[in-house]
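Subject: Structure handover

Hello,

The structure we talked about is below, followed by notes on what was found in it. Please read the notes with the coordinates open.

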Amino acid sequence: MNAIICFLKKWTLPVAIAIGAIVYLLFAYTPRLEQASSFFAPIMNAILPMFMFLILFVTFCKVDFRKMLPSKWHLWIGGQQIIFVLLVVGVILAFSLEGESLILAEGVLACIIGPCASAAPVVTAKLGGNLESMTTYTFISNFITAILIPLFFPLIESKATMGFATAFFLILYKVALVLIVPMGLSYIVKHFFHSFHRWVINVKDLSYYLWAASLTIVTGTTVKNICHAQTSASFLLLIALLSLLLCFLQFFMGWRIGARCGSIIESGQALGQKNTAFAIWIASVYLNPLSSVGPGCYILWQNIINSFELWQKEKRKK
């Protein structure tokens with residue numbers, strides 16, 4: 001039993017990904033479980049935001065709000081995200097991409113324009129990085145995304161006819177539910193409910209395991225999107241490979257910037273670890289729905305990198 005527990009702690013993220021994929025395939029391709037699959041699908045969709053809310057609430061309970069100040073690396077990483085977005089949108093408009101080429105470009109754009117993951121502070125803390133600095137950039141990244149999406153998406157998709165102000169405030173509203181509300185609640189708990197606050201922060205790795213549970217649900221959703229995609233297997237493979245290259249590129253650029261600013265861990269997670277659930281949503285709503293497979297595959301790649309980083313840290317500790 002101890003060996004199993006040790007294995008699960010060491011490989012939490014890959015196990016969560018594997019469980020999500022296997023459970024979906026089991027329910028989807030077992031005739032007797034078809035009704036159960038239909039019953040649980042809306043429940044899983046409903047509890048996923050709750051998991052993200054709890055993850056951030058637990059994380060923010062550990063934050064010293066007085067230390068949440070802008071840093072030099074925030075400017076460089078935010079600028080890099082904007083440059084990547086401008087390059088992809090420029091290629092789409094300059095070459096008038098359409099068909100499968102446009103879908104590939106939109107998949108890349110969704111992975112780039114998506115904000116820093118809500119769970120990035122969790123991983124940063126596990127890797128020994130600065131939690132407050134990472135949390136600060138999470139807010140900056142979401143604000144950048146809220147401006148870029150309504151500004152550029154109407155240019156590349158004719159169906160994205162929502163006005164700038166409407167789209168801007170819709171995205172800000174969703175961001176507020178995910179970020180501002182748990183932050184405000186954690187502030188209240190930290191200053192007025194001391195016993196409960198001590199209990200939350202004393203549960204070791206609580207936010208990390210909540211994130212692993214949410215990753216299981218997101219992986220199942222990703223596998224579902226891939227299985228129901230109306231295209232060839234070779235094109236899906238191309239999207240997956242492109243998202244893999246993009247994932248490595250963004251982590252690499254983040255590490256390079258961080259090496260110059262003394263924040264390798266924070267910069268790598270800030271640029272490389274994306275809020276893929278949000279990216280899948282914006283791709284489905286504003287772009288070709290098939291482009292959502294790109295950020296769906298990105299989930300797997302970024303968490304494989306995260307798992308490798310955590311494994312390296314444990315190895316160095318030993």
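How far is the sulfur of C111 from the closest cysteine sulfur, and in which residue is that sulfur? The distance is 8.5 Å and the partner is C247, so the two sulfurs are too far apart for a bond. Please keep in mind throughout that this is a predicted model.

Cysteines

With a disulfide taken as two cysteine sulfur atoms within 2.5 Å, the count comes to zero. C297 is likewise in no disulfide; the nearest cysteine sulfur to C297 belongs to C111 and is 8.5 Å away. C111 counts as buried, at 3% relative accessibility. C297 is buried too, with a relative accessible area of 5%.

Overall fold

The protein chain has 14 helices and zero strands. Read from the N terminus, the order of elements is therefore α at every place, α-α-α-α-α-α-α-α-α-α-α-α-α-α. The radius of gyration is 19 Å, and the globule rule gives 20 Å for 318 residues; the two are close, so the chain is as compact as a globular protein of that length. Along the principal axes, the C-alpha trace spans about 55 × 55 × 40 Å.

Of the 318 residues in the protein chain, 49% are buried. Among contacts with a separation of 6 or more, 82% are between residues 24 or more positions apart. The exposed area of the protein chain is about 15800 Å², and carbon and sulfur atoms supply 71% of that area. The chain carries 22 positive and 11 negative charges, and the mean positions of the two sets are 13 Å apart.

Residues in helices

Three helix residues were looked at individually.

- A146 is in helix 7, which covers residues 131-156. A146 has a relative accessible area of 0% and is buried. L172 is 26 residues from A146 along the chain, and their C-alpha atoms are separated by 6.1 Å.
- L131 also lies in helix 7. At a relative accessible area of 12%, L131 is buried. Leaving out residues up to four places away in sequence, L131 touches T59, K62, V63, P121 and A125. The C-alpha atoms of L131 and D64 are 8.8 Å apart, with their positions 67 residues apart along the chain.
- I43 is in helix 3, residues 34-61. Is I43 buried or partly exposed? I43 has a relative accessible area of 33%, and because buried means under 20% and exposed over 50%, I43 counts as partly exposed. I43 and L185 are 142 residues apart along the chain, and their C-alpha atoms are separated by 25 Å.

Residues in loops

S96 sits in the loop between helix 4 (72-94) and helix 5 (99-113). What is the sign of phi at S96? Phi is positive, about 45°, although S96 is not a glycine. S96 is exposed, with a relative accessible area of 55%.

The loop between helix 13 (276-286) and helix 14 (293-317) holds S291, and S292 is found in the loop between helix 13 and helix 14 as well. S291 is buried, with a relative accessible area of 1%. S292 is buried at 5%.

Which residues does each of these serines touch, not counting those up to four places away in sequence? For S291 they are I103, E106, G107 and A283. For S292 they are N225, I280, A283 and S284. A283 therefore appears in both lists, as a residue with heavy atoms within 4.5 Å of each serine.

In brief

The predicted model is a chain of 14 helices without strands, and by the rule used here the count of disulfides is zero. Among the loop residues described, S96 is exposed, whereas S291 is buried and S292 is buried.

Regards

Notes:
Residues are numbered from 1 along each chain as its sequence is written. This is a predicted model: local features need pLDDT of at least 70, side-chain atom pairs count only at pLDDT 80 or more; totals for chains, interfaces and linings use all residues. Side-chain values use heavy atoms; hydrogens and water are left out. Helices (H or I, at least four residues) and strands (E, at least two) are DSSP runs, numbered from the N terminus. The radius of gyration is taken over C-alpha atoms; the globule rule is 2.2 Å times the number of residues to the power 0.38. Buried means under 20% relative accessible area, exposed over 50%, partly exposed in between (1.4 Å probe, protein chains only). Accessible areas come from the Shrake-Rupley method with a 1.4 Å probe; for residues, only the protein chains shown count as cover. Lys and Arg count as positive and Asp and Glu as negative; His and the chain ends are not counted. The place of a charge is taken as NZ of Lys, CZ of Arg, CG of Asp or CD of Glu.
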